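The following report walks through the side-chain contacts and strand pairing of one protein chain, taking the charged residues before the sheet.

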Amino acid sequence: MCSLHQVNESRTKGRRLKRKSLRRYTFLLTCVLIFGDAVHLFGANMRSFIEAVRRKAPVVYVGSVKEVRLLQRTKFDIKAKAVVDIKSVMRTPGSNSQQATIEYSSYDEKTPMLEGGPQYQLRPGVFVIVFANSFDASIPPGYLVQGSRQELLQRVEALRDALSKMSPDQLKVNEITEDDRRVQMSLYEKLSASLRAAK
């Protein structure tokens with residue numbers, strides 16, 4: 001038979017493990033809320049939200065959606081393409097591109113949101129920040145934020161602040177190094193300046 005001491009010890013260990021698991025889940029949830037669109041939280045591709053995705057993107061720009069085209073409606077989602085007027089290019093120096101296109105997965109009242117996300121509902125006039133492989137990209141792979149100019153500025157500042165506070169363990173989770181952190185901090189400062197100047 002187990003002694004009372006052993007039972008209590010077992011319970012204490014169980015509580016510690018639960019607290020540890022809870023802390024991990026809380027950290028993960030916080031990362032998603034900061035780094036991703038909260039509307040796509042559940043079931044979304046978690047890899048889309050880590051800092052490495054933004055760090056490795058060869059093309060980063062700010063733009064506004066000019067038009068949206070429906071490409072195909074499937075049983076699962078809507079394939080759409082947005083034409084974006086580029087306001088400023090943060091990465092890929094020397095590019096003279098004035099427009100970009102983004103293919104992405106969308107949804108509406110007839111085709112519900114996928115559990116596996118991320119999905120977007122882009123509209124003409126909305127501002128976007130795009131981290132992608134090219135100026136004619138599909139998202140994912142990549143990372144896209146949409147909203148008003150002020151909303152994007154707040155998102156970029158949240159990304160910068162979260163990145164500045166990351167511990168060495170959190171940097172590992174985000175698959176970046178201290179050098180990557182410095183590069184990204186500089187990028188977020190440039191994005192903030194660009195959004196403040198944009199009209």
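A residue is called buried when its relative accessible area is under 20%, exposed when that area is over 50%, and partly exposed in between. The structure discussed here is a predicted model. Because its relative accessible area of 37% falls between those two limits, Arg69 is partly exposed. Its salt-bridge partner is Glu67, and the closest N and O atoms of the two residues are 3.2 Å apart. Glu67 likewise counts as partly exposed, its relative accessibility being 31%.

**Salt bridges**

The count of salt bridges comes to eleven, and three of these pairs are set out in the table.

| Pair | N to O distance |
|---|---|
| Arg54 and Glu51 | 3.0 Å |
| Arg69 and Glu67 | 3.2 Å |
| Arg73 and Asp108 | 2.9 Å |

The pair of Arg73 and Asp108 spans separate elements. Arg73 belongs to strand S1 (residues 59–73), whereas Asp108 sits in the loop between strand S3 (99–106) and strand S4 (127–132), so this salt bridge ties together parts that are 35 residues apart in sequence. What is the burial class of each of these two partners, Arg73 and Asp108? Arg73 counts as partly exposed at 39% relative accessibility, while Asp108, with a relative accessible area of 18%, is buried. Elsewhere, Arg160, Asp161 and Glu189 are joined into one network by salt bridges that share partners.

The pair of Arg54 and Glu51 has another setting, since both residues lie in helix H2 (residues 51–56), where they are three residues apart, about one turn of the helix. Arg54 and Glu51 are both buried.

**An arginine over a ring, and an aromatic pair**

Arg54, besides its salt bridge with Glu51, lies over the face of Tyr143, at 4.5 Å from the ring centre. Tyr143 in turn takes part in one of the aromatic pairs, of which the count comes to two. A pair of aromatic rings is described by the distance of the centres and the angle of the planes. For Phe131 and Tyr143 the centres are 5.8 Å apart and the planes stand at 75 degrees, an edge-to-face arrangement. The pair links distant parts of the chain, with Phe131 in strand S4 and Tyr143 in strand S6 (residues 143–147), twelve residues apart. Phe131 and Tyr143 are both buried.

**Two buried polar side chains**

Arg181 is placed in helix H5 (residues 178–197). With a relative accessible area of 10%, which is under the 20% limit, Arg181 is buried. Its side chain makes a polar contact of 2.9 Å with that of Glu178. When neighbours within four places in sequence are left aside, Arg181 is in contact with Leu163, Ser164, Lys165, Met166 and Leu171.

Gln119 is found in the loop between S3 and S4, and its relative accessible area of 1% makes it buried. Which residues does the side chain of Gln119 meet through polar atoms, in Å terms, by way of its side-chain contact and its backbone contact? The side chain of Ser105 joins that of Gln119 in a polar contact of 2.8 Å, and the backbone oxygen of Ser106 lies 3.0 Å from a polar atom of the Gln119 side chain.

**Strand pairing**

Strand S1 has two antiparallel partners described here. S1 and strand S2 (residues 78–91) run antiparallel and are joined by twelve bridges, among them the one between Leu70 and its partner Ala80 in S2. The connection from S1 to S2 is a hairpin of four residues. S1 also pairs with S4, again in the antiparallel sense and over six bridges, and in this pairing Tyr61 stands opposite Val130 of S4.

Strand S2 continues the pairing to S3, the two being antiparallel over eight bridges, with Ala82 opposite Ile102 in S3. On S3 there is also a parallel pairing, in which four bridges join S3 to strand S5 (residues 136–139); here the bridge partner of Thr101 is Asp136 in S5. S3 is mostly covered, six of its eight residues being buried. As a general point, side chains in a regular strand alternate between the two faces of the sheet.

Definitions and conventions:
Residues are numbered from 1 along each chain as its sequence is written. This is a predicted model: local features need pLDDT of at least 70, side-chain atom pairs count only at pLDDT 80 or more; totals for chains, interfaces and linings use all residues. Side-chain values use heavy atoms; hydrogens and water are left out. A salt bridge is a side-chain nitrogen of Lys or Arg within 4 Å of a carboxyl oxygen of Asp or Glu. Buried means under 20% relative accessible area, exposed over 50%, partly exposed in between (1.4 Å probe, protein chains only). Rings of Phe, Tyr and Trp (its six-membered ring) pair if their centres lie within 6.5 Å; planes under 30 degrees apart count as stacked, over 60 as edge-to-face and the rest as tilted. A charge sits over a ring if NZ of Lys or CZ of Arg is within 6 Å of the ring centre and within 35 degrees of the ring normal. A polar contact is a pair of N or O atoms within 3.5 Å; within protein, one must be able to donate a hydrogen and the other to accept it, and residues adjacent in sequence count only if both atoms are side-chain atoms. Contact means heavy atoms within 4.5 Å. Two strands pair if DSSP finds at least two bridges between them.
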